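Trainee: Could you take me through one part of this model slowly? I'd like to see how strands get put together into a sheet, and then what else is worth a look.

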Amino acid sequence: MRTPRRRRYGTSLRKRRSINIIPHLTLLLVAALVAWLGWRLFQVVAGATSVSSITAEASVNSGVAEVKLAGTEGDTWGRVYDGNFIRTGDTVRTKSGGQVSLDIGGNTVLKLNGDAELVFTELHEEKDGQKSVMLDLKKGQMWAYVSEDLQGEGTPNFQVHLPLSKVSGAGSIIDITTSAESDVVRVLTGAVDVDIEKVSGETRNISVGVSQKAMITKADFAAIQNGKNVLEGVESTFEESEWNLQNLQEFDPQRVEEIRRTIELRSPALVTQKRDPETVSDEDKSELESPQILSPKSGETVAALEDNRVVVTGKAFPGTKQIKVRTDLSSDFYTLTKYESGDAEWVYVIATEYGTLKYGQNTIRAYAVDEKGKQTEIATSAFTYEGAKDGLLTPDAAPAVGDTDALDAPVLKAPVIMTPPSSPFRTANESVAIRGTVDVGTNALEINGVRLKSFTVGQKAFEYTATVRSGTLKQGENTYQIAAYGPGNEIASTKLVVVYTPLETDPVVPTDPEPIPSVTDKTETNTTTTTPPPTEPATEPDSTTRTDPFDALEAQYQDASATE
């Protein structure tokens, strides 16, 4: 009988357990490595696009401001105090008479006027430093200094949504007023875009430049959607308003001083100041040496000048913080705002047009103020001015009583240019502000044959800005004929030459330029003629652009043209 073969279970089991695990371990290691690399890649990508919140620090200027925090249910508002931080989703509102400043990152500042409501839709900063500020102005007025770092790539990172439009832009100073009936956008510096959504869903884009105003009204909204012009010039009443001047003071005090001096020139009776003391007590007396008046010297006789202006120059000593001057016609001492502590010289211009110079004897007074606020003794200089030109009568030239033949018709004086201070004037700026005064008998003013629409009868000061952008300032020599028209259509004109040289080009040496042909070419500088009235004036170019800082020479003489 055949014996069955016995199976060797032990050996068979051992063979089944001896499995090769090396390939499995390799797969596991590769999978782990892929997962780790994927996680690192996710971290890099997420980190590049991650954002962090930024805040707006509040400062209550007057009245009451309130805040409604993001996510708050109902009509729950809390009081805003100095130093409070506003975040994404918060809403700030002001009561009647209230004003609040909101500083975003130390370089963009918002100012809310009374009865305003502003929603901070988005406040964040990306990892690369790009900030984003998205706002929704529900009602009221907002003045804003918008930093250039909000420009972004393509679309600006500063946007304000309004009931009828959207404003976007950076590197600008703007003022926005909105209500249920209209959106008004004023641009003081820089430029912004105003977008209006059409019925078709498309967007109409309007570019608003320096010194321009866009007005979008609900009543004309359909016409505006279809292309109606909404651009106007910024009103001088707004620019001269205390709301604008107080806000602008923080960012461009020089411009604020110029505007205030222009107001004084036009309405000197409105200026009231506390009179500075003519004598100094021992307690308030400074140890500084009094400033010197170098010209005109005391006892000097100054011949009649074409523009009836006299430049007063002086010397300041180390430790001088301020220089204050006045003439015997001035209501009080005037602080030279362009004088900086440490300057060894100072300049001040007096003129018949400003009411600080008269024919005959004039006395100039000046004193210095030190770092402690103490003043020096007052320096004086008495001189005689022979003013007998441009209709200014000396006692000898005055007509005798009853001598009617001597009383000719009034003579129209030519415009007096206050800035730029010289002709030719050289600059590398892309805009040049031309400011000056005109005779009280001026009915209209033209520059190179273009009527200034902003000028009104009775106005004594004028302003015009030539810019590269508008084509009124070009590289090389630019001639501007400034013509005043009198009530009898007589013309008195002044010529100004400006040499514009961009920084990257070689300087242009001016020659004696030919005047630009215009109606004003019929007269020479500071002369008077009679011509037929001008034809319908051409449309004034977009030339109200204003630069912020003047160059050093212009700034020096801006002080000089101030009056009490």
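Mentor: Start with strand S21, residues 309–315, which pairs with S24 in the antiparallel sense over seven bridges. To pin that pairing to actual residues, find Lys315: its bridge partner in S24 is Glu345. Keep in mind as you look that this is a predicted model. Strands of a sheet pair through backbone hydrogen bonds, and they can do that either parallel or antiparallel.

Now zoom out a bit. S21 and S24 belong to an open sheet of three strands, in the order S19-S21-S24, with antiparallel pairing. What about the edges? Those are strand S19 (292–295) and strand S24 (345–351); each has a single partner strand, so one side of each is left without a neighbour in the sheet. From one strand to the next, the twist averages 35 degrees.

Next, compare that with another open sheet, this one of five strands, ordered S20-S26-S25-S22-S23. Its pairing is mixed. Here the edge places go to strand S20 (301–302) and strand S23 (334–335), and because each has a single partner strand, one side of each has no neighbour in the sheet. Inside that order, look at strand S22 (residues 320–327) and strand S25 (residues 360–370): they pair in the antiparallel sense over seven bridges. A handy marker is Ile323, whose bridge partner in S25 is Ala368.

Sheets done, let's turn to the nonpolar cores. The largest one has 45 residues, and Leu110, Phe120 and Met142 are those with the most contacts inside it. Strand S10 (residues 131–146) gives this core its largest share, six residues. Click on Leu110 and check who is around: leaving aside neighbours within four places in sequence, its contacts include Phe120 and Met142, along with Val100, Leu102, Trp143 and Phe158. Apart from that core lies another, of 22 residues, with Ile417, Val432, Phe455 and Leu473 among them.

One last stop, and it's a single residue. Ser168 sits in strand S12 (residues 166–168). Is Ser168 buried or exposed? With a relative accessible area of 6%, Ser168 counts as buried, because the cut-off for that is under 20%. As for its company, leaving aside neighbours within four places in sequence, Ser168 is in contact with Pro156, Phe158, Gln159, Val192 and Asp193. You've met Phe158 already: Leu110 is in contact with it, and so is Ser168.

Technical notes:
Residues numbered from 1 in each chain as written. Predicted model: local features only at pLDDT ≥ 70, side-chain atom pairs only at ≥ 80, totals over all residues. Heavy atoms only, no water. Helix = DSSP H or I, 4+ residues; strand = E, 2+ residues; numbered from the N terminus. Buried < 20%, exposed > 50% of the residue type's maximum accessible area, 1.4 Å probe, protein only. Contact = heavy atoms within 4.5 Å. Core = buried A, V, L, I, M, F, W, Y, C linked by side-chain atoms within 4.5 Å. Pairing = 2+ DSSP bridges. Axes fitted to C-alpha atoms, helices over the stretch in contact; angles between N-to-C directions.
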